[in-house]
Amino acid sequence: MSMPTLTAERTAHAVRLDSVTKTYGNVTALSGVSHDFPRGGFTAIMGPSGSGKSTFLHCASGLDQPSKGSVRIGGVDLGGLSEAKRTRLRRERIGFVFQSFNLIPSMDVEQNIVLPLQLAGTAPDPGWLAEVVRRVGLQDRLAHRPSELSGGQQQRAAVARALITRPEVVFADEPTGALDPRTARDVLRLLREAVDQTGQTVVLVTHDPMAAAWADSVVFLSGGRIVDELVAPSPTTVMTRWETL
Ligand SMILES: Nc1ncnc2c1ncn2[C@@H]1O[C@H](COP(=O)(O)OP(=O)(O)OP(=O)(O)O)[C@@H](O)[C@H]1O
């Protein structure tokens with residue numbers, strides 16, 4: 001694979017938010033949020049509806065720009081980039097997994113998985129493609145269209161698509177929201193393996209304490225602020241903290 005154009009520094013954190021505020025008119029969705037996501041860490045973001053989780057994810061991933069404060073991805077300050085460069089950095093250095101899978105219906109599974117590379121004008125590394133496909137267990141489904149797959153298989157294809165560029169960080173926004181508990185576990189296990197086996201950095205936004213317990217730590221948002229962080233979470237400790245938010 002050729003080197004990405006916006007090569008990130010090997011910083012200890014994959015993503016750093018410094019005093020990030022985001023306002024929409026007179027609504028303050030995020031209020032002075034600072035947080036480092038350690039490289040090779042798995043962090044869950046939880047909080048009540050309207051607490052700012054989506055805004056946090058959008059600002060941290062460069063999909064949106066903070067009103068104040070800064071976001072760095074592997075040492076690159078997103079605020080200093082043009083819209084075009086930010087788009088390129090997202091494409092090359094960030095993987096996304098969404099609740100609704102967001103696969104392209106007219107493309108088969110393999111085409112969907114390699115799409116981020118294609119958009120970046122890069123050829124897939126055959127060894128890494130085979131490894132990613134093996135991990136998500138879709139070896140026999142590469143020529144199928146998304147509509148021919150179960151929801152869990154579609155989400156596994158989306159995870160493969162997020163990992164194929166070996167991104168600085170994978171942002172997963174409620175990736176198990178549309179899945180049954182067993183299928184959800186398969187997807188969470190894949191994210192966990194990406195962290196444990198290849199040192200990937202994962203940020204997971206979820207409402208589900210069971211899902212959050214797969215992470216190394218859980219960051220709690222309330223009213224647009226980080227109000228707590230729980231290290232080495234279990235479903236019970238997450239649930240207990242959640243109930244008192
Ligand atoms: N584009 C927008 N325009 C105006 N207000 C917005 C916009 N996006 C978000 N907000 C407001 O910002 C606050 C935080 O919203 P956000 O979507 O980040 O919360 P959330 O924690 O993701 O909620 P949910 O769990 O319901 O998805 C809310 O008060 C919301 O109404």
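What follows is a conversation about a predicted model.

Visitor: What makes the chain as compact as a globular protein of its length?

Guide: Start with the content. The chain has eight helices and ten strands. Its radius of gyration is 17 Å, and the globule rule gives 18 Å for 245 residues. The two values are close, so the chain is as compact as a globular protein of that length. Along the principal axes, the C-alpha atoms fill a box of roughly 45 × 40 × 35 Å.

Visitor: How much of the chain counts as buried?

Guide: The share is 45% of the 245 residues. The contacts add to that picture. Take those between residues at least 6 apart in sequence: 69% of them join residues at least 24 apart.

Visitor: Which residues does the "domain: ABC transporter" annotation cover?

Guide: The UniProt record, an unreviewed entry, places it on residues 15–243. That span is 37% helix and 27% strand. Its end C-alpha atoms lie 28 Å apart.

Visitor: Why is leucine 117 called buried?

Guide: Count the C-beta atoms. Leucine 117 has 21 others within 10 Å. The cut-off for buried is 20 or more. The count of 21 meets it, so leucine 117 is buried. This residue sits in helix α3. Beyond its neighbours within four places in sequence, leucine 117 is in contact with Thr122, Pro124, Ile164 and Thr165.

Visitor: How far is leucine 117 from threonine 43 in space?

Guide: The C-alpha atoms are 26 Å apart. In sequence, the two residues are 74 apart.

Visitor: Why is glycine 32 called partly exposed?

Guide: Glycine 32 has 15 C-beta neighbours inside 10 Å. Exposed needs 12 or fewer, and buried needs 20 or more. The count of 15 falls in between, so glycine 32 is partly exposed. This glycine lies in strand β2, residues 27–38.

Visitor: What is glycine 32 in contact with, leaving aside its neighbours within four places in sequence?

Guide: Ser19 and Thr21. The C-alpha atoms of glycine 32 and serine 19 are separated by 4.1 Å, with their positions 13 residues apart along the chain.

Visitor: What about serine 19 itself: why is it called partly exposed?

Guide: Serine 19 has 13 C-beta neighbours inside 10 Å. That is above the exposed limit of 12 and below the buried limit of 20, so serine 19 is partly exposed. It belongs to strand β1, residues 13–24. Its phi is near 50°, a positive value in a residue other than glycine.

Visitor: Where does asparagine 102 lie?

Guide: In the loop between β6 and α3. Phi of asparagine 102 is near 60°, again positive in a residue other than glycine. With 13 C-beta neighbours inside 10 Å, asparagine 102 counts as partly exposed.

Visitor: What makes β2 and β5 edge strands?

Guide: Each pairs on one side only. They belong to an open sheet of four strands, ordered β2-β1-β4-β5, with antiparallel pairing. At one end, β4 and β5 pair over two bridges. Pairing takes at least two bridges, so β4 and β5 qualify. Isoleucine 73 has valine 76 of β5 as its bridge partner.

Visitor: What makes β7 mostly covered?

Guide: Five of its five residues, 169–173, are buried. Val169, Phe171 and Asp173 point one way, while Val170 and Ala172 point the other way.

Visitor: Which strands pair with β7?

Guide: Strand β6 (residues 94–98) pairs with β7 in the parallel sense over five bridges. Strand β8 (residues 202–205) pairs with β7 over four bridges, also parallel. Valine 97 stands opposite alanine 172. Phenylalanine 171 stands opposite valine 203.

Visitor: Which residues of helix α2 are buried?

Guide: Arg86, Leu89, Arg90, Arg91, Glu92 and Arg93. Their cover includes β4, β5, β6 and α3.

Visitor: Which residues are around the ligand?

Guide: Tyr24, Val27, Ala29, Gly47, Ser49, Gly50, Ser51, Gly52, Lys53, Ser54 and Thr55. The elements giving two or more residues are β2 and α1. The largest share, three residues, comes from α1. By type, the shell divides into three nonpolar, seven polar and one charged.

Notes: Residues are numbered from 1 along each chain as its sequence is written. This is a predicted model: local features need pLDDT of at least 70, side-chain atom pairs count only at pLDDT 80 or more; totals for chains, interfaces and linings use all residues. Two residues are in contact if their C-beta atoms, placed from the backbone, lie within 7 Å. UniProt positions are given in the numbering used here, feature names are shortened, and annotations may be inferred rather than shown by experiment. A residue is near a molecule or strand if its C-beta atom, placed from the backbone, lies within 6 Å of it. Ala, Val, Leu, Ile, Met, Phe, Trp, Tyr, Cys and Pro count as nonpolar, Asp, Glu, Lys and Arg as charged, and the others, Gly among them, as polar. The radius of gyration is taken over C-alpha atoms; the globule rule is 2.2 Å times the number of residues to the power 0.38.
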